[in-house]
Amino acid sequence: MSKQKDLDTSFFGQPRGLSTLFFTEMWERFSYYGMRAILLFYMYYAVTKGGLGMDQATAASIMSIYGSLVYLASVVGGWLSDRVWGSRRTVFIGGVLIMFGHIALSLPFGVSALYVSIALIVIGTGLLKPNVSEMVGGLYSPEDRRRDSGFSMFVFGINLGAAVAPWAVPWAANGFGLNLFHGEMNFHAGFSLAAIGMFFGLVQYVVDGRKYLSKDSLYADDPIDKESLRPVIIWTTVGVVALVVILGLLAAMGQLNITNIITLITIVAIALPIYYFVMMLNSKKVTKEEKSRVVAYIPLFIAAAIFWAIEESGSVVLALFAEQRTVLHIGGWHFAAANFQTLNPLFIMILTPFFVTLWDHWKKQPSAPGKFAAGLVIAGLSYVWMALPAMIHGTTAGRVSPFWLVGSWFIVEIAEMLISPIGLSVTTKLAPRAFKSQMMSMWFLADAAGQAVNAQVVKYYSSATEVPYFLIIGAVSIVFGLILCLFVKKIHALMDGVE
């Protein structure tokens with residue numbers, strides 16, 4: 001009884017530190033998703049409309065590779081926290097870099113500011129994102145039953161920030177409803193609001209963190225020693241030198257351009273998880289039983305990459321569809337194309353309680369591979385659904401109902417409920433004992449690989465090609481889902497006792 005009384009329950013029955021991390025991540029997601037809601041339009045809108053005047057295909061590729069880089073950087077962020085800075089400092093440094101990245105975009109310095117911003121936000125998000133979640137876990141003892149509900153509240157904060165941002169940031173870019181910019185878009189005002197949001201998150205984090213976050217978070221869990229640091233420095237140096245050589249060769253051949261840099265990042269994003277799989281399967285630290293589980297994870301990884309390629313296209317392909325092909329009003333209510341980005345987090349918040357209840361009460365529910373297979377089929381159907389407007393009305397008939405987009409987002413978020421939380425859980429269960437952190441990185445790398453492939457594919461999307469584009473990608477997802485369904489029992493057997 002005394003232990004129960006000593007529990008900190010000051011934040012809706014949860015530790016007060018959860019409030020700190022809840023609002024920190026809420027503001028960080030507000031800034032990130034607010035920026036992404038208008039970034040694509042900023043890149044390809046004509047200069048006379050306040051944009052950079054990029055080619056649409058290039059802008060779409062940059063958006064996709066941007067997302068891929070964020071998840072690639074998360075792998076490095078987790079390592080720096082574990083081995084060097086500790087989670088508290090790593091999150092703070094990440095937040096500062098993110099804020100400066102948004103500030104760079106808020107200044108009228110053109111394409112140069114865009115690339116500086118991407119670099120800062122990629123590194124900053126990579127430092128912050130994986131470590132805030134780890135700090136939430138640190139608020140609870142292993143036997144504390146509030147852990148699951150605490151994480152549920154934390155995830156709600158993430159989605160709350162992501163849901164509000166696609167309304168607030170475009171509203172600022174459109175003159176705060178006051179026509180301050182005479183009907184034109186002032187993207188820099190929108191990016192400024194994203195920077196302010198991250199600033200609020202940092203203030204909350206620093207002021208409250210001193211009082212309510214564990215002092216353990218100030219220190220690395222597994223601090224690196226000089227002997228272990230040496231090979232890290234050597235391999236990092238080798239990597240940097242190799243990158244400089246490759247970029248130098250491209251420059252010498254007159255091929256150093258954004259398209260080839262995106263292709264280079266795509267190769268890295270695909271090669272890195274392959275390297276991880278080969279390393280784990282050949283490691284003497286991995287037992288025969290664990291290797292079987294790693295093999296079982298390979299088709300699940302591929303499924304996750306295909307799913308994320310579709311799900312993450314919401315801020316790219318579906319954003320283009322919203323801006324170019326969708327009626328932007330319902331009756332007398334007018335809205336911006338960027339506002340559709342709120343549908344992703346909104347449907348997650350709506351669907352999560354339903355699926356939590358379903359998994360809690362469904363006694364003979366499918367195994368993880370079965371859920372992945374169903375999720376892939378449903379994700380593919382969300383793209384097949386998007387081919388229907390043009391098949392029914394044609395691509396030259398003008399704009400179509402906004403409810404096509406609403407329906408597509410609803411369908412793909414059902415798929416996310418079958419893949420994302422299940423994938424996180426099964427990744428931790430299938431991880432070899434010697435590679436627990438690296439295996440968790442694989443989940444981020446699935447998203448990175450999916451978006452990297454997207455960066456090569458989205459350049460083929462246009463209003464004229466939307467029917468084959470949606471049908472082909474949707475069919476790939478559905479077919480792979482059906483194939484996965486045929487191998488569910490085999491994969492489950494390879495999982496060797498893991499449910």
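**Helix H3 and its neighbours**

H3 and H5 sit oblique to each other in this predicted model. Their axes cross at roughly 45° and come within 6 Å, and the crossing is right-handed. H5 covers residues 110-137, and H3 covers residues 56-85.

The contact between these two helices involves many residues on each side, so I will name some of them and leave the rest to the screen. From H3, the residues include Ile62, Tyr66, Leu69, Val70, Gly77, Gly78 and Trp85. From H5, they include Tyr115, Ile118, Ile121, Val122, Gly126, Leu127, Lys129 and Pro130. Sorted by class, the contact of H3 with H5 has 14 nonpolar, eight polar and one charged residues.

Now the other partner, H2. The axes of H2 and H3 are 8 Å apart, and the packing angle is about 155°. Anything over 145 degrees counts as roughly antiparallel, so H2 is roughly antiparallel to H3. This crossing is right-handed. On the H2 side the contact is made by Tyr32, Met35, Arg36, Leu39, Leu40, Met43 and Tyr44. On the H3 side, the residues include Gln56, Ala59, Ala60, Met63 and Gly67. By class, the H2 contact with H3 has 12 nonpolar, two polar and one charged residues.

Which residues does Ala59 touch, leaving out those up to four places away in sequence? They are Leu40, Met43, Tyr44 and Met54. Ala59 lies in H3 and has a relative accessible area of 0%, which means that it is buried. Between Ala59 and Asn339 there are 19 Å from C-alpha to C-alpha, with the two residues 280 apart in sequence.

Next, the nonpolar cores. The largest one has 114 residues. Which of its members touch the most others? Those are Leu39, Met43, Tyr297, Phe372, Met442 and Phe470. A separate core has 20 residues, among them Leu18, Phe22, Ile98 and Tyr205.

Tyr297 is a useful one to look at on screen. Outside the four places on either side in sequence, Tyr297 is in contact with Phe277, Val426, Thr427, Leu430, Met439, Met442 and Trp443.

That brings us to Trp443, in helix H15. The relative accessible area of Trp443 is 6%, and because the cut-off for buried is under 20%, Trp443 counts as buried. With the same sequence neighbours left out, Trp443 touches Tyr297, Ala304, Trp308, Phe372, Ile419, Ser420, Gly423, Leu424 and Thr427. One of these, Ala304, is 139 residues away along the chain, and its C-alpha atom is 8.2 Å from that of Trp443.

H15 spans residues 436-457 and also holds Asn454. Is Asn454 buried or exposed? It is buried, at 6% relative accessibility. Beyond residues up to four places away in sequence, Asn454 touches Ser64, Ala309 and Ser313.

Last, one backbone oddity. Most residues other than glycine have a negative phi. Phe12 is not a glycine, yet its phi is positive, about 50°. Where is Phe12 found? It is in the loop between H1, residues 2-6, and H2, residues 16-44. Phe12 has 70% relative accessibility, and because the exposed class starts over 50%, Phe12 counts as exposed.

Terms used:
Residues are numbered from 1 along each chain as its sequence is written. This is a predicted model: local features need pLDDT of at least 70, side-chain atom pairs count only at pLDDT 80 or more; totals for chains, interfaces and linings use all residues. Side-chain values use heavy atoms; hydrogens and water are left out. Helices (H or I, at least four residues) and strands (E, at least two) are DSSP runs, numbered from the N terminus. Buried means under 20% relative accessible area, exposed over 50%, partly exposed in between (1.4 Å probe, protein chains only). Contact means heavy atoms within 4.5 Å. A nonpolar core is a set of buried Ala, Val, Leu, Ile, Met, Phe, Trp, Tyr and Cys residues joined through side-chain atoms within 4.5 Å. Axes are lines fitted to C-alpha atoms, for helices over the stretch in contact, and angles run from 0 to 180 degrees between N-to-C directions. Angles under 35 degrees count as roughly parallel, over 145 as roughly antiparallel, 65 to 115 as roughly perpendicular and the rest as oblique. A crossing is left-handed if the near helix is turned anticlockwise from the far one by less than a right angle, and right-handed if clockwise. Ala, Val, Leu, Ile, Met, Phe, Trp, Tyr, Cys and Pro count as nonpolar, Asp, Glu, Lys and Arg as charged, and the others, Gly among them, as polar.
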